[in-house]
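Work through the exercises below with the model open. Try each task before reading its solution.

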Amino acid sequence: MEKASAAPETLQEDVVSLWGLISQSISGMAPTCDVVAFMTAGAAFALVALPLSYLWAFALMFIEMNTIYHLSKHRASAGGYYAYVAAGLGARPALLTGFMVVFYQLLSVAAIPVYVGGVFLPGLAKSLGYPLPAWFWLVSIVFFIGIPWLLSISGIRPSIRVVAITSFVEVAFLVVASMLIIVKAAPVHPLAPFSIPTDGFKGVAMGMIFAITSFIGIGSHTPLGEEVRGPRTQRGRLIGKAALLSLTLVGAALVLSAYALTVGWGPADMASFADANAPGVTVFLRYLGPGGRLALVILAINSAMADSLALLNSSSRVLFAIGRDALISERFAQVSNTQAPQRSISVITGLTIVVAVLAVAVFGSNNGFNVLTTAVLFGLVTAHTFMNVSLMRLAHADHEGTSTRLFYHFLLPIVATGLFWWVLYESIVPLAYPLDWSLAAWLGFTLLVLAYVFRIHGRIHPDHRHHLGTVRDPQ
């Protein structure tokens, strides 16, 4: 596997602290944006069981964090999941995982401005008596992708500074505001939103599509492994700790928020929630006044930008790592004078804008968001399935007792994988428009990647196949 010596390949080291990793992960999950976007979409299916969908999604992702925690302990690199899967399964699954991470994070970046600019802000403006022009979604796409692109190419240090402050403000605001709404709403049957609906699991599973994708950015900090501050031997452990802490903070905030919106809107009237103009904003106005509404809108807009920034940082570094391994053009492994993988960032940004525009042009803003989000879930489940299998193959790497290995390296990954695919099955079967296009997009991308992977696999030296995504000494 030859490399071009002229390509600079060094990311900036020792700049991201534990709290920087946590804030990157929180921003990738975009909690306030989830409240105004994903919860509104999820409520159309889960109805009064929206909090249950989020509670189950939180529990599932917490089980899945076991995999990230154990895989990251021994490997911290720009490859992230790509490097983790290479360690356990080798080159072919690793490459499919790496490209799949880029796929679903790219679609997630595209989905946010489609909803914010095509559904949320127009709905909010209409409710205030100031309708926005029909083309406003184009402005949203340029704004919510363009500004994060500028920050991302300026280097990881300014990116982390931006998200470090706002991410913790978001979580604190959602927790406090939700508790105030719950107290003021004083629900008569407080446990009803956590009960299994009489019509079965279908609605809860459909709601979990949007709940799980609310947590999509949980691993967005893993490709910052080479930029973490601290001894090389401890960087992986910091990544694992950051995953657990960020998921705990965001999970608690989102479950509380889903419950607050449900009891605040009225459990018996949740059928009208998803069809309303900016229903989350309405609930905040009803219980917290104009100040609460304004704070939610401002933080949601900021959350959308921070989410795009975090996922651009993440996906571009995975593409950078694949380029560094000479498995795509090595130009993707070049860094700018800010030590950012500028070419990777710019290519992903351009593709994201194209995808967002096509989604709205073909499906409209609301359906476009649903199609993109469901395709995101397909990609996420695929990548995490390979991660879980990789952990099983690496059980010997942790020198633990047999019962401990069986629980953490086999039982939990199997449970997480089974639940992921159950949610997917329940949510798309029987196939119906427009979500069948999500399946088609995922299948088409997967087949293209598989064809490419099998074509180039012979170029990878056997000694390198379990070390892809990592920094290696020149041969």
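**Exercise 1: a salt bridge across the chain**

Asp14 and Arg235 form a salt bridge, with 3.2 Å between the closest N and O atoms. The term requires a side-chain nitrogen of Lys or Arg within 4 Å of a carboxyl oxygen of Asp or Glu. The model is predicted: local features need pLDDT of at least 70, side-chain atom pairs count only at pLDDT 80 or more, and totals for chains, interfaces and linings use all residues. Residues are numbered from 1 along each chain as its sequence is written, and side-chain values use heavy atoms, leaving out hydrogens and water.

Task: Place Asp14 and Arg235 in the chain, then classify their exposure.

Solution. Step 1: Asp14 sits in the segment before α1, Arg235 in helix α10, 221 residues apart. Step 2: Asp14 has a relative accessible area of 39%, so Asp14 is partly exposed. Step 3: Arg235 is at 5%, so Arg235 counts as buried. The cut-offs are under 20% for buried, over 50% for exposed, and in between for partly exposed (1.4 Å probe, protein chains only).

**Exercise 2: the other pairs**

Task: How many salt bridges does a search of the whole structure find? Which residue pairs with Arg324, and which with Arg317?

Solution. Step 1: The search finds three. Step 2: Glu226 pairs with Arg324, closest N and O atoms 2.7 Å apart. Glu226 is in the loop between α9 and α10 and Arg324 in helix α11, so the pair ties together parts 98 residues apart in sequence. Step 3: Glu227 pairs with Arg317, at 2.9 Å between the closest N and O atoms. Glu227 lies in the loop between α9 and α10, Arg317 in helix α11.

Methods:
Helices (H or I, at least four residues) and strands (E, at least two) are DSSP runs, numbered from the N terminus.
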